[in-house]
Amino acid sequence: MKQKHDNMVFYLVFALLACCQLFVMSQFELFGDEAFYWLEGQHLAWSYAELPGLTAWVMAFAEWLFPHHPFFLRLIPWLAAACLPFLVLAVNKLIHPQSASHHPAHLFWSLPLVGLVSVLSLPDIWLLFFTVLCVFLFLQASKKHHTFWFILLGLALALGINVHLRFWLVAAIIGTVTLITYWHHKTTLFKLITISLPLALIGLIPILYFNLQHDFPLLAFQLKDRHPWEFQLDHLYFIPVQILVTTPFVMLLFLKLIPKSKSYWSKLKADQKLLISTALAHWMLYFLLGFFSDNLRLNLHWPLLSYVLLFCAFSYNKPSTLVKWAIGSGTIAHFSLLITLAFWSQQTPLSQANQRITGHAQGWSELAETTQQLMQAHRKTDILADHFMTSAALAYQFDSIKNINTLPHPLSDKHGRSLQLQIMGFQSPSQHAENSLIVIEQTAIKLQDQVEYYQMLCQQLGGLQLLSQMNTKSGNKTYHFFEQHKGQCDMPALFYGSNKDSIYRGWVLTEKDQLASLAWAHTNQKRTVPFVQQGIEGHEMFSVLDPNDYVLNSFEASISDCSNCDYQLTATFKNHSQPKQTSQRFYP
């Protein structure tokens with residue numbers, strides 16, 4: 001009777017989580033990186049400059065098989081994610097044959113980050129899937145010694161190698177631990193070396209083929225360019241962040257399950273030692289490397305695999321109170337995250353947290369619609385976009401990769417996408433601008449770098465005329481649209497604002513004597529804001545501008561009834577041919 005009840009609970013949780021995940025998948029537009037992997041999939045290659053090819057290959061297959069919609073691009077990775085609870089249970093059953101508990105799967109679901117990686121078509125879910133699959137296949141092979149399982153293991157490793165360099169790291173850890181833990185299993189090691197390893201190395205062939213042609217950009221970016229390789233004390237945030245994203249009880253269980261004594265360690269099975277050693281080595285490696293490696297990008301999900309592997313290693317036939325609390329609190333957090341994402345997909349305007357987390361997965365359809373209208377109005381046949389996300393998202397929205405080119409941009413360099421854009425024929429020289437609508441995301445450039453960027457862009461393209469501006473409905477992104485115009489060098493207004501103690505302060509950089517009015521707006525509240533012109537002399541970020549041509553329009557306003565409001569500023573100009581411009585959303 002108890003087993004039947006446990007089965008019902010397992011499948012109920014599975015069904016509820018699946019429904020929540022599928023709903024979230026259907027509501028969000030493609031995340032910027034997802035759009036770029038789709039774009040790579042439209043240029044099928046053996047590998048790519050910043051990543052191996054599997055993610056792009058899967059997206060190309062999904063695009064061929066299913067209708068053109070973000071939900072369907074995410075469906076195959078989601079199916080892999082849906083298999084993972086069953087793989088976790090299968091691994092646990094191989095280690096503890098007498099166990100009939102579903103607790104390992106529930107602990108898997110108690111990790112909220114599992115929900116996040118399950119709803120996106122990114123390499124992370126494939127890393128998790130192929131690692132757990134390889135562990136399952138290895139345990140099967142080591143117990144049955146049948147050649148079939150060693151062949152499957154080699155093929156799974158070959159596919160995993162084509163996901164990400166982080167899989168290489170996991171495979172290296174597991175391989176090292178296997179040699180140490182199973183050194184007396186001569187038959188297992190022999191078949192691993194003679195069957196699985198050669199098949200796994202086949203997975204390197206497409207990567208080597210591509211990288212030999214392009215001077216190994218994959219290694220250059222992943223191992224050198226993206227990392228400072230200098231000590232960064234601020235990486236200490238890693239520990240409190242991991243406690244937060246795994247939830248406290250789950251992290252406490254993770255720490256409690258770590259063997260504390262030699263006598264306890266000696267009683268463990270070899271299979272348990274394999275998973276525990278791999279999980280701890282994986283977690284510690286990311287903790288230590290983080291002091292020297294890339295902290296600019298979101299990396300809080302990197303140790304996710306460590307928790308999954310450790311939770312697979314133990315029997316939970318008699319779960320402790322801590323296990324029950326971990327499962328309960330973690331699963332609630334998992335559901336809460338998915339419900340929050342579902343709510344955020346409908347939220348207008350975006351809250352600050354929503355903007356920071358989902359901003360790159362919203363607003364693309366608005367951008368495409370405005371771009372299409374302006375191309376028709378100004379008789380433009382091509383698009384010249386600023387960076388890789390704009391190009392990829394517009395290409396996806398238009399369901400066409402034709403007539404889109406991309407300018408050199410710091411964001412493309414930062415994410416290692418510049419070379420890949422060149423290889424695919426998207427990195428555009430300035431001569432492509434004549435018949436192009438030029439699309440620039442102002443919010444992709446730091447405020448202190450915007451003047452220099454626009455001046456460089458104007459010089460590179462031989463002149464710019466500002467045609468229009470748009471903010472996504474959430475206000476989290478600001479776009480400007482230009483056309484090439486010799487002898488003219490328009491620069492959009494630059495906005496800065498702050499909110500402290502109900503006093504709103506800031507400035508708007510415009511051409512001298514051109515600002516007619518400045519308005520403050522929060523949802524339905526709108527107010528005119530007085531401003532005073534000030535010179536730009538002495539401001540280093542404006543040093544390339546002529547102080548006779550540009551001014552800072554400074555403002556200060558007390559809005560006591562909206563002390564913690566987010567807001568936007570709108571500048572109207574005396575020259576009616578100059579488009580009205582609205583700032584990005586400023587948050588308190």
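Buried means under 20% relative accessible area, exposed means over 50%, and partly exposed lies in between (1.4 Å probe, protein chains only). This is a predicted model: local features need pLDDT of at least 70, side-chain atom pairs count only at pLDDT 80 or more, and totals for chains, interfaces and linings use all residues. Residues are numbered from 1 along each chain as its sequence is written, and side-chain values use heavy atoms, with hydrogens and water left out.

**Exercise 1. Positive phi**

Task: Place Phe216 and His145, give the phi of each, and classify their accessibility.

Solution.
- Step 1. Phe216 sits in the loop between helix 12 (204-213) and helix 13 (217-225). Helices (H or I, at least four residues) and strands (E, at least two) are DSSP runs, numbered from the N terminus.
- Step 2. Phe216 is not a glycine, yet its phi is positive, about 50°.
- Step 3. Phe216 has 30% relative accessibility, so it counts as partly exposed.
- Step 4. His145 lies in the loop between helix 8 (123-144) and helix 9 (147-161). Its phi is near 55°, again a positive value in a residue other than glycine.
- Step 5. His145 has 31% relative accessibility and therefore counts as partly exposed.

**Exercise 2. Cysteines**

Task: Find the disulfide, say what it ties together, then examine Cys83 and Cys312.

Solution.
- Step 1. The structure holds 1 disulfide, meaning a pair of cysteine sulfur atoms within 2.5 Å. It joins Cys458 to Cys489, with an S to S distance of 2.1 Å.
- Step 2. Cys458 belongs to helix 25 (residues 447-461), and Cys489 to the loop between strand 5 (478-484) and strand 6 (494-500), so the bond ties together parts 31 residues apart in sequence.
- Step 3. Cys458 is buried at 7% relative accessible area. Cys489 is partly exposed at 29%.
- Step 4. Cys83 is in no disulfide; the nearest cysteine sulfur, that of Cys134, is 14 Å away. Cys83 is partly exposed, at 38% relative accessibility.
- Step 5. For Cys312, the closest cysteine sulfur is in Cys134, at 13 Å, which is too far for a bond. Cys312 is buried, with a relative accessible area of 2%.

**Exercise 3. Helix 5**

Task: Check the span of helix 5, locate its kink, and state how many of its residues are buried.

Solution.
- Step 1. Helix 5 covers residues 75-95, 21 residues in total. The expected span of a helix is 1.5 Å times one less than its number of residues.
- Step 2. The expected value is 30 Å, and the end C-alpha atoms are 31 Å apart, which agrees.
- Step 3. A kink of about 30° lies at Leu84, shortly before the proline Pro85. The bend at a residue is the angle between axes fitted to the seven residues ending there and the seven starting there.
- Step 4. Helix 5 is mostly covered, with 16 of its 21 residues buried.

**Exercise 4. The open sheet**

Task: Give the strand order, name the edges, and describe how strand 1 meets strand 2.

Solution.
- Step 1. The order is 2-1-3-5-4 across 5 strands, with mixed pairing. Two strands pair if DSSP finds at least two bridges between them.
- Step 2. Strand 2 (404-406) and strand 4 (464-471) are the edges; each pairs on one side only.
- Step 3. Strand 1 (residues 382-385) and strand 2 run parallel and are joined by 3 bridges. Ala385 stands opposite Thr406 in strand 2.

**Exercise 5. The hairpin**

Task: Describe the pairing of strand 6 with strand 7 and the turn that links them.

Solution.
- Step 1. Strand 6 and strand 7 (residues 503-511) run antiparallel, joined by 7 bridges.
- Step 2. Lys500 stands opposite Ile503 in strand 7.
- Step 3. The two strands form a hairpin with 2 residues between them, and Asp501 in the turn has a positive phi of about 55°.

**Exercise 6. Val323 and a cis bond**

Task: Describe the setting of Val323, then find the cis peptide bond to Pro349.

Solution.
- Step 1. Val323 is in helix 19 (residues 321-346). Val323 is buried, at 4% relative accessibility.
- Step 2. Not counting residues up to four places away in sequence, Val323 touches His103, Leu253 and Tyr316. Contact means heavy atoms within 4.5 Å.
- Step 3. The peptide bond from Thr348 to Pro349 is cis, with omega near -5°. Pro349 lies in the loop between helix 19 and helix 20 (352-358).
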